[in-house]
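Could you walk me through this structure, step by step, as if I were seeing it for the first time? I would like to know what to look for and where to find it.

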Amino acid sequence: MRCRPGFLLPVHVLSHLFRRLFLARLADAYAAGRLVFFGELGALRRQQAFAAYLAPLRRKKWFVYAKPPFAGPAAVLAYLARYTQRVAISNSRLVRLDERGVTFRYEDYRRNGRARLRSMTLAPNEFIKRFLLHVLPKGFHRIRHYGLLASAGCKANIAHAKELIAAPLPAIDPSTEEDHAAAGAAADYRPPCPCCGGRMIIVESFGPGGQPRAPPSPHTGVKAAAQ
């Protein structure tokens with residue numbers, strides 16, 4: 001199978017190779033007794049059940065996505081290196097450790113303002129169990145998104161994007177400018193965005209005393225935006 005110009009190997013070959021190596025290493029770890037199953041996965045301790053669990057994965061299509069980075073491989077490695085050593089929770093979020101258990105801070109995204117910052121106390125064994133759920137097996141590294149909106153250059157990228165989209169508007173004949181403005185105001189009643197000046201899209205409407213839905217209904221949003 002030939003690959004596209006500029007690629008080392010065909011994507012289909014990489015997908016099959018990654019699937020074979022991943023499942024083979026997983027089976028080797030199971031045979032060596034390095035995999036432990038608890039709770040609902042306890043049945044996988046039996047070899048036949050584990051083999052039956054992996055069988056559909058050998059027939060499933062796996063996909064490998066690869067593309068050259070914008071700033072070169074060195075920039076990608078420098079960015080990812082900052083996130084390979086962070087696991088689960090930082091020390092600054094730990095409040096105390098006493099006879100009640102471990103108390104730490106977290107954010108409740110269902111609340112707004114200062115009420116979002118809350119604290120939780122867990123028994124030591126429960127805290128350790130939740131902490132270990134975030135620990136990756138040996139040989140794996142935790143990474144975050146790398147792209148246009150990555151936190152490392154998010155502000156600069158957004159500022160540059162705003163500069164690019166702030167191109168001058170095409171010239172309009174002064175004799176017809178007022179007619180175009182009146183016709184546009186009559187046809188488009190949507191309020192302008194206070195940040196970029198573009199017309200905002202209505203995604204939900206509710207009467208006095210009503211409550212907005214979370215998330216907004218897609219059908220209502222499409223209908224309101226199309227009006």
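Here is a short tour, from the overall layout to the cores, the charged contacts and the surface.

Keep in mind from the start that this is a predicted model. The chain holds seven helices and three strands. If you follow the sequence from beginning to end, these elements come in the pattern α-α-α-β-β-β-α-α-α-α. Of the 227 residues in the chain, 13% are buried. The accessible surface amounts to about 19400 Å², and carbon and sulfur atoms account for 62% of that surface. Contacts tell us something about the layout too: taking those between residues at least 6 apart in sequence, 32% link residues at least 24 apart.

Now let us go inside. The largest nonpolar core has seven residues: Leu-23, Tyr-30, Phe-37, Leu-44, Ala-49, Phe-50 and Leu-54. Two elements, helix H1 (11-31) and helix H2 (47-59), each give two or more residues to this core. H2 supplies the largest share, with three residues.

It is worth pausing at H2. This helix is 13 residues long and spans 19 Å from its first C-alpha to its last, close to the 18 Å expected at 1.5 Å a residue. Its buried residues are Ala-49, Phe-50 and Leu-54, and the buried residues of H2 pack against H1. You can see this in Leu-54, which contacts Leu-23 and Leu-26 once its neighbours within four places in sequence are set aside. Apart from the largest core lies another, of five residues, including Ile-89, Phe-104, Leu-122 and Phe-127.

Next, the charged side chains. The whole structure contains five salt bridges, and Asp-108 is a good place to begin. Where does Asp-108 sit? Look in the loop between strand S2 (101-107) and strand S3 (117-122). Is Asp-108 buried or exposed? Its relative accessibility is 9%, so Asp-108 counts as buried, the cut-off being under 20%. The side chain of Asp-108 forms a salt bridge with Arg-110 at 3.3 Å, N to O, and another with Arg-111 at 3.2 Å, N to O. The two arginines have their own settings: Arg-110 is exposed, with a relative accessible area of 78%, while Arg-111 is partly exposed at 36%. Further along the sequence, Asp-108 also touches Arg-116 and Arg-118, leaving out residues up to four places away.

Another salt bridge joins the side chains of Arg-130 and Glu-126, at 2.9 Å, N to O. Why are these two about one helical turn apart? Because they lie four residues apart in helix H4, Arg-130 and Glu-126 are separated by about that distance along the helix. In an α-helix there are 3.6 residues a turn, so residues three or four places apart point the same way. Both partners count as partly exposed, Arg-130 at 37% relative accessibility and Glu-126 at 24%. Returning to the loop, salt bridges with shared partners connect Asp-108, Arg-110 and Arg-111 into one network.

Finally, step out to the surface. Ile-128, Phe-131, Leu-132 and Val-135 form a nonpolar patch there, and together they have about 340 Å² of accessible area. One of them, Val-135, lies in the loop between helix H4 (124-132) and helix H5 (154-165). With 41% relative accessibility, Val-135 counts as partly exposed.

How values were computed: Residues numbered from 1 in each chain as written. Predicted model: local features only at pLDDT ≥ 70, side-chain atom pairs only at ≥ 80, totals over all residues. Heavy atoms only, no water. Patch = residues over 30% accessible without salt bridge, like charges linked within 9 Å, V, L, I, M, F, W, Y side chains within 5 Å. Areas by Shrake-Rupley, 256 points an atom, 1.4 Å probe, with all protein chains shown as cover. Salt bridge = Lys/Arg side-chain N within 4 Å of Asp/Glu carboxyl O. Buried < 20%, exposed > 50% of the residue type's maximum accessible area, 1.4 Å probe, protein only. Core = buried A, V, L, I, M, F, W, Y, C linked by side-chain atoms within 4.5 Å. Contact = heavy atoms within 4.5 Å. Expected span 1.5 Å × (residues − 1).
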